[in-house]
Amino acid sequence: MKGTSSMDFEQYTSQIVQGLPCSKREQRDMQDELKDHLGELHRDLMEEGCDKHTASAMAIERFGQPKFIRSQLCHALPLVDKYTRKWILAFFILYTSVLSYVMLLSSDRWARRAFTIEWKRKMLSFGYSQSMHLYENTIPFHTLRDYIVNHHRYSFMTIFLNLFGNIGAFIPLGLLLPLLFPYFRSIHRIFLASFTGCVLIEVLQYAFTLGSFDVDDLILNLIGGMIGFSCYKAIHAIVNRYKQTKFQME
């Protein structure tokens, strides 16, 4: 489209997409799609005998008021558009890579593994097979209670990393999964995903002598996953409130 009609469509579609809660690239895509539809309607009207100026005015009139269309588009928008989703997906991949490294692949863990295996071998050679077992806690809140009651035995950093580190490690999981995949926009599925993830890590750590099994770690990881999901729900509620107050149907 050229000339005045093109300028009219540009201004009209710009008013529609202006301020929509999505990325600039998503706004441009929607504007281009709107202009394509207007152009098709414009051509149909010219084929029916309308001159260019009249066809442009009638096409815009048939589309409707910009505020009304903007309101409809706003309520149809997903929480995360496809461009923002790519960035979140990249962050999710980075997060899972870092989590896997810290929990399973760090040089520190493998150094401790070598020490533990050597210590087990010596205990076995001395005939102390009963001393080969690593620390395991299958009693809920036993380790947490020990950190609180006997806090003077541990450094601040040890308590902080074991309590808040285990919670913080799973907050991104509870937040990013529902942002990326609609299937996980349920607290039950996030709970199951968090539970599966932390059990898998604990089992791998135990199986490959990379750490000890502690049921309290599972509890803290699950709390982290639920906090992350609460953050997602809060973001969802804030965005919906923004849509309702700024783009109310007229």
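Gln205, leaving out residues up to four places away in sequence, touches Met103, Leu104, Arg109, Leu210, Gly211 and Ser212 in this predicted model. Gln205 belongs to helix 10, and with a relative accessibility of 4% this residue counts as buried, because buried means under 20%. Two of the residues named as its partners, Met103 and Leu104, are also part of the contact that helix 5 makes with helix 10, and that pairing is a useful place to continue.

Helix 5 and helix 10 pack at an angle of about 35°, and their axes lie 10 Å apart. From helix 5 the contact draws on Leu99, Met103 and Leu104, while helix 10 contributes Ile201, Leu204 and Gln205. Sorted by class, the contact of helix 5 with helix 10 has 5 nonpolar residues, 1 polar residue and no charged residues.

Leu99, which takes part in that contact, also appears in the largest nonpolar core, a set of 26 residues in which Phe92, Leu99, Phe170 and Leu179 touch the most other members. Helix 5 (82-105), helix 9 (171-180), helix 10 (187-207) and helix 11 (215-246) each supply at least two residues of this core. What does Leu179 contact, once its neighbours within four places in sequence are left aside? The residues in contact with Leu179 are Leu79, Val80, Ile88, Arg185 and Tyr232. Apart from the largest core lies another one, made of 17 residues, among them Val17, Leu34, Leu45 and Ile69. As a general background to such groupings, nonpolar side chains tend to be buried together in soluble globular proteins.

Leu34 and Leu45, both named in the core of 17 residues, are also found in the contact between helix 2 and helix 3. Helix 2 (residues 24-47) and helix 3 (residues 52-63) pack at an angle of about 130°, with 9 Å between their axes, and the two helices are therefore oblique to each other. The crossing of helix 2 and helix 3 is right-handed. On the side of helix 2 the contact is made by Leu34, His37, Leu38, Leu41, His42, Leu45 and Met46, and on the side of helix 3 by Lys52, Ala55, Ser56, Met58, Ala59, Ile60, Arg62 and Phe63. The residues of this contact of helix 2 with helix 3 divide into 10 nonpolar, 3 polar and 2 charged.

Helix 2 also holds Glu26. Is Glu26 buried or exposed? The relative accessible area of Glu26 is 12%, and Glu26 is therefore buried, since the cut-off for that class is under 20%. Leaving aside neighbours within four places in sequence, Glu26 is in contact with Asp81, Lys82 and Tyr83.

Two further residues show other degrees of exposure. Trp87, whose place is in helix 5, is exposed, with a relative accessible area of 70%, and its C-alpha atom is separated by 40 Å from that of Ala57, 30 residues apart along the chain. Phe68 lies in helix 4 (residues 66-76) and, at 34% relative accessibility, counts as partly exposed, because that class falls between the limits of 20% and 50%. The C-alpha atoms of Phe68 and Gly168, which are 100 residues apart along the chain, are separated by 43 Å.

How values were computed
Residues numbered from 1 in each chain as written. Predicted model: local features only at pLDDT ≥ 70, side-chain atom pairs only at ≥ 80, totals over all residues. Heavy atoms only, no water. Axes fitted to C-alpha atoms, helices over the stretch in contact; angles between N-to-C directions. Helix = DSSP H or I, 4+ residues; strand = E, 2+ residues; numbered from the N terminus. Parallel < 35°, antiparallel > 145°, perpendicular 65-115°, else oblique. Left-handed = near helix turned anticlockwise from the far one by under 90°. Contact = heavy atoms within 4.5 Å. Nonpolar A, V, L, I, M, F, W, Y, C, P; charged D, E, K, R; others polar. Core = buried A, V, L, I, M, F, W, Y, C linked by side-chain atoms within 4.5 Å. Buried < 20%, exposed > 50% of the residue type's maximum accessible area, 1.4 Å probe, protein only.
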